[in-house]
Structure formats: structure tokens, C-alpha cells
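Here's a quick tour of a protein model, written for someone who'd rather be at the bench. Have a look at the structure first, then read on.

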2 protein chains.
Amino acid sequence: MTKPIAIQGIKGSFHHEVAQQYFNPKTEVVECMSFDSAVDSLLQGDTDYIVMALENSIAGSIIPNYALIDNHDLSIVGEYYLDVQHNLMALSGQSIASISEVHSHPMALLQCKVFLKDYPHIKLVEAKDTADVAKQISEEKIKGIAAIASKNAANLYGLDVLAKSIQTIKHNETRFAIIKRQNHQIERKELNKASLKFELDHKRGSLATILNVMSDCKLNLTKIQSLPKIETPWKYAFFVDVTFEDYKDYEKAQSIMQLMAENFKVLGEYKNARL
Amino acid sequence: MTKPIAIQGIKGSFHHEVAQQYFNPKTEVVECMSFDSAVDSLLQGDTDYIVMALENSIAGSIIPNYALIDNHDLSIVGEYYLDVQHNLMALSGQSIASISEVHSHPMALLQCKVFLKDYPHIKLVEAKDTADVAKQISEEKIKGIAAIASKNAANLYGLDVLAKSIQTIKHNETRFAIIKRQNHQIERKELNKASLKFELDHKRGSLATILNVMSDCKLNLTKIQSLPKIETPWKYAFFVDVTFEDYKDYEKAQSIMQLMAENFKVLGEYKNARL
């Protein structure tokens with residue numbers, strides 16, 4: 001029997017949408033109110049997978065989530081790009097003029113701030129989860145308050161969409177990771193992307209040298225992010241994603257990088273969702 | 001006459017502390033409730049400088065702030081590292097046992113989550129500003145609610161510190177930038193750090209090539225962050241910080257990078273605060 005999937009947020013959230021699209025539309029989910037509790041449910045064996053947002057076009061990488069994967073030795077076994085479309089929604093029969101507050105996740109408010117600037121009468125209030133606000137408005141029949149959430153949430157909780165796709169960047173992609181306790185055993189020939197972490201001393205050219213190795217081994221870099229290691233000044237951790245055509249090339253690069261960098265770690269090997 | 005400094009948050013906030021330490025303890029500030037409104041005050045000429053958090057050890061870079069600097073063609077003219085110590089505070093006469101809710105900025109709650117896990121009876125509530133909660137508790141004499149904020153905020157608003165330095169990472173540095181409309185004219189020999197932005201095609205080795213140039217020109221990389229350009233697939237923007245000893249080396253690297261990368265832009269040249 002398959003276990004449910006842990007998602008951050010409730011049904012109707014963007015994480016829920018990813019779970020449905022990556023697995024299947026009827027996938028059972030465990031609603032978690034934080035990324036931490038999603039990890040707990042995985043570690044306790046209540047779920048087999050977590051769906052976890054990793055980066056978006058406005059905020060960049062969600063570093064605390066990389067830390068969760070790293071600290072608990074979890075594996076990224078898949079990725080999914082969702083085009084996140086935000087919609088302003090409220091109880092049926094209301095117009096934008098009758099809305100005095102909009103409640104949503106800080107990131108959603110940030111992504112819609114250009115639209116909201118045109119409605120200075122609406123007060124912005126930060127909330128924990130986009131879909132949860134929609135659910136509350138619906139269940140408690142709250143007037144005068146709007147949610148910013150997905151079309152799914154509007155359908156699920158029976159709210160009217162007052163304005164569609166109100167985020168500033170129209171093609172607003174968020175990258176989600178599918179996470180497991182251990183890396184699964186999928187065919188090597190299907191693997192063409194990896195997420196790696198390593199550390200380097202702050203020595204001139206040390207990163208350039210590593211990137212040269214990666215380039216020589218025919219790896220393509222699709223993401224790089226440095227993070228100073230505060231406990232050890234002048235040491236940096238790097239999170240990189242690479243794509244490759246031949247697993248052998250990647251394997252070769254990996255064995256060289258293991259020698260050249262400190263604390264080299266594979267956070268996951270999976271199939272590139274961007275082919 | 002000097003104009004006041006725009007800070008995000010109110011007096012007693014960490015931005016306020018940076019303004020006092022970077023300029024002087026009596027610096028007048030304009031309290032702004034968002035980074036956007038801080039930028040507005042600068043553009044309207046109400047202030048000459050903004051103090052703006054740029055990155056911390058837990059969340060990494062605050063990308064929306066890089067976007068504000070970039071989009072409004074502002075200049076980073078200085079940097080400051082503040083060791084952010086979070087304290088749990090409440091009205092005098094209360095103990096942790098009598099606290100039922102703690103209100104603070106999501107980032108502060110995140111940074112203190114290990115401490116807070118030991119007090120499951122305390123509900124976490126997200127708020128806009130760390131110091132603002134302290135001010136409200138003080139002014140409205142609210143019992144049962146604690147704030148997480150700086151020692152300065154406790155002093156300023158007369159609250160009792162119930163627990164000191166409750167953040168998980170004891171040495172918890174945040175990097176702040178000092179921002180102006182145009183780059184100031186300071187002596188070149190005093191400049192030894194720069195923040196740059198450039199774009200590259202997703203071609204194997206393109207970043208390695210640029211980093212080689214930087215290394216050949218004796219630049220040290222202290223930060224790198226890629227951001228996919230969603231409007232143009234396969235294009236990446238990179239935000240990098242470099243340090244150098246001789247401005248001429250930096251100038252040479254800059255002229256080569258301008259030819260090799262697209263949309264090369266200097267976000268600021270300033271004095272390294274980490275010497």
C-alpha cells in the first residue's frame with residue numbers, strides 16, 4: 001500500500017497541486033503546517049515523499065529548505081516546475097471595492113504587490129498559508145476579506161475569483177523538489193540532473209577551478225548559490241545543480257570534486273524536468 | 001543639513017541599530033514599514049541613504065532587495081555586518097510560563113525555532129516587524145504575549161528580557177547594505193569590494209570562463225548567486241560580490257567582463273567591512 005505524500009499547506013495549496021501533477025490527481029496528502037513538520041512526517045514513516053518548494057523567480061533559493069534536506073540527509077528524487085498563478089478571491093457577491101483586507105502568505109503578497117498598489121484601500125495582512133485563508137473565508141463566511149491563492153483553492157472552497165493572475169511576473173515559475181529518505185533506485189540512464197553541496201576555502205580561484213572540472217566533464221550548471229559558513233570564517237558552502245547527458249561524465253566529475261572540495265555531498269540525483 | 005536615514009522597521013529594529021552604528025548613535029531615521037517605502041523615501045529625496053538587509057546565514061540572499069537596488073538603479077555605498085541576537089521579552093513581572101503567544105517577524109521565528117520547540121504551549125504568530133511588537137506590548141500593556149527582538153528594543157520600550165540570545169545559531173550575522181541614489185565619490189584607494197550583476201547564456205563553461213577572468217585579475221569571490229531569467233529561458237543572471245587589493249585589477253576585470261557577459265552592471269563599489 002502506498003503512503004500519502006506530505007505537503008506544506010492544505011489542500012488547494014500550490015504544494016498540493018504539485019503532488020497531484022507529479023504523482024496523480026487522486027494522490028492522498030498529509031497537510032503539514034510547516035516544512036519542518038513535513039520532514040517529521042517523513043522521518044516518522046507516516047509518508048514516503050515530501051513535496052517541497054526549493055526556489056522561485058522572485059525570492060531565489062529557499063535556503064532553509066536546503067538546510068532541512070542537508071541536515072536530515074534526505075534525497076531529492078525528482079523536481080517539478082509549477083507556473084504559480086495568483087488569484088484574488090472572496091465570498092461570492094463581493095467586488096474589489098468591498099474588500100478592506102487581503103490575507104495571504106508574505107511571498108504571495110510580495111509577488112502581487114504591483115497589482116495591490118492600485119488598491120490602497122486594501123490592507124495587506126500576512127498569513128501562514130495561501131489556501132488556508134481561502135478555506136477560512138469560505139467556512140466562516142467572512143465578508144470584506146479576500147485571499148490570494150490558486151484557482152484550485154477557489155474551486156475547492158467555493159470562492160469567486162475577483163481578479164485573475166495578479167502576480168507581477170506573468171510567467172511565475174516555482175521549482176519544487178520531490179524528497180525521499182533515501183535516493184531511490186532508478187535506472188542510471190534516466191538520471192541526468194544532480195544537486196550537490198560542497199565547501200571551499202576562501203582562496204582566490206578555488207571556485208573557478210571546480211567549475212572548470214565540471215565544464216571539462218561536460219556538466220552544465222543550472223544553479224549556483226554560495227553561503228558563508230558562519231562558524232568557520234572564510235569558508236563557503238556552495239549549492240549547485242548540474243545537468244549531464246552521460247552518467248559516466250557525472251561520475252567522473254564527482255570523483256574529482258570529492259578530492260578537490262571539502263564535505264562534498266550529493267543531495268539528490270534525478271530526472272531533469274526541463275528537457 | 002544632513003537628511004535622515006531610511007530604515008525598514010521602527011526604532012529599536014536591527015536596521016535602526018545598523019544606522020546608529022554605521023553613521024552615529026544619534027542619527028535621525030525615517031521609519032518605513034517596507035523596503036519598498038524605504039526606496040520611495042530615497043527617490044523622493046526625503047532621505048539620502050537607506051539601510052537594507054541583504055543576506056543572512058539562514059535565509060541566504062534577500063533577492064527582492066537586490067531587485068529593488070537593480071530596478072531603481074541605486075548604489076551600494078557601504079556594508080555592515082550585525083551580529084543579530086534575538087531576545088524573548090514581555091511586560092515586566094511575567095515568566096515564560098505565563099506567555100501564550102509570541103509575535104515576531106517570520107525570519108526571527110525561524111531563527112529561534114529550536115528554542116521555541118521546548119515551549120509547545122506558546123503559539124507562534126507572524127508579525128511585520130520585530131521591534132513593533134515590543135512597542136505595542138509596551139504601549140498597550142499587553143499581557144501573555146511576548147516579542148522576539150533586540151536588546152535595544154527591550155530598553156527602548158521598557159520590556160523585561162525573559163530569555164537572551166535564543167536564536168539557534170549563536171553567532172548570527174546579517175549583512176546590511178548602505179544604499180544611495182548614486183555612487184558617492186570616495187577615494188579609489190579606499191574601495192576594495194564591489195557588487196556586480198551580469199547575465200550569461202546557458203552554455204557549458206560560460207560561468208567558469210568568467211570566474212577564471214576574475215581569478216586571473218586577482219579578484220576574490222565572496223558571494224555568488226544565480227537566478228534564472230524567467231522571461232528568457234536558458235539565460236541566467238548572476239549576482240556576485242568581489243574583493244580586491246588594487247582598484248586597477250578590478251578595473252581590468254570589469255572591462256573584460258563587460259565584453260564577455262551580457263548586461264553587466266555595477267551595483268556598488270565600497271569598502272569591505274570584513275578586513
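For the charge tally, Lys and Arg count as positive and Asp and Glu as negative, while His and the chain ends are left out. On that basis chain A carries 31 positive and 34 negative charges, and the mean positions of the two sets sit 2 Å apart. Keep in mind that this is a predicted model.

Here are some overall numbers for chain A:

| Property of chain A | Value |
|---|---|
| Helices and strands | 9 helices, 15 strands |
| Span of the C-alpha trace along its principal axes | about 65 × 45 × 35 Å |
| Buried residues | 55% of 275 residues |
| Exposed area | about 12300 Å² |

Carbon and sulfur atoms supply 49% of that exposed area. As for how the chain folds back on itself, take the contacts between residues at least 6 apart in sequence: 74% of them join residues at least 24 apart.

An unreviewed UniProt entry lists residues 4–181 of chain A as "domain: Prephenate dehydratase". That span is 31% helix and 31% strand, and its end C-alpha atoms lie 14 Å apart.

Now for the inside. Which residues have the most contacts within the largest nonpolar core? They are A:Phe198, A:Leu207, A:Ile224, B:Phe198 and B:Leu207, in a core of 52 residues. Zoom in on A:Ile224: beyond its close sequence neighbours, its contacts include A:Leu207, A:Leu211 and A:Phe238 in chain A, plus B:Leu207, B:Ile224 and B:Gln225 from chain B. There's also a second, separate core of 35 residues, with B:Ile50, B:Ile178, B:Ile179 and B:Leu267 among them.

How values were computed
Residues are numbered from 1 along each chain as its sequence is written. Chains are lettered from A and ligands numbered from 1 in the order in which they are written. This is a predicted model: local features need pLDDT of at least 70, side-chain atom pairs count only at pLDDT 80 or more; totals for chains, interfaces and linings use all residues. Side-chain values use heavy atoms; hydrogens and water are left out. UniProt positions are given in the numbering used here, feature names are shortened, and annotations may be inferred rather than shown by experiment. Helices (H or I, at least four residues) and strands (E, at least two) are DSSP runs, numbered from the N terminus. Buried means under 20% relative accessible area, exposed over 50%, partly exposed in between (1.4 Å probe, protein chains only). Contact means heavy atoms within 4.5 Å. Accessible areas come from the Shrake-Rupley method with a 1.4 Å probe; for residues, only the protein chains shown count as cover. The place of a charge is taken as NZ of Lys, CZ of Arg, CG of Asp or CD of Glu. A nonpolar core is a set of buried Ala, Val, Leu, Ile, Met, Phe, Trp, Tyr and Cys residues joined through side-chain atoms within 4.5 Å. Lists of a residue's contacts leave out its neighbours within four places in sequence.
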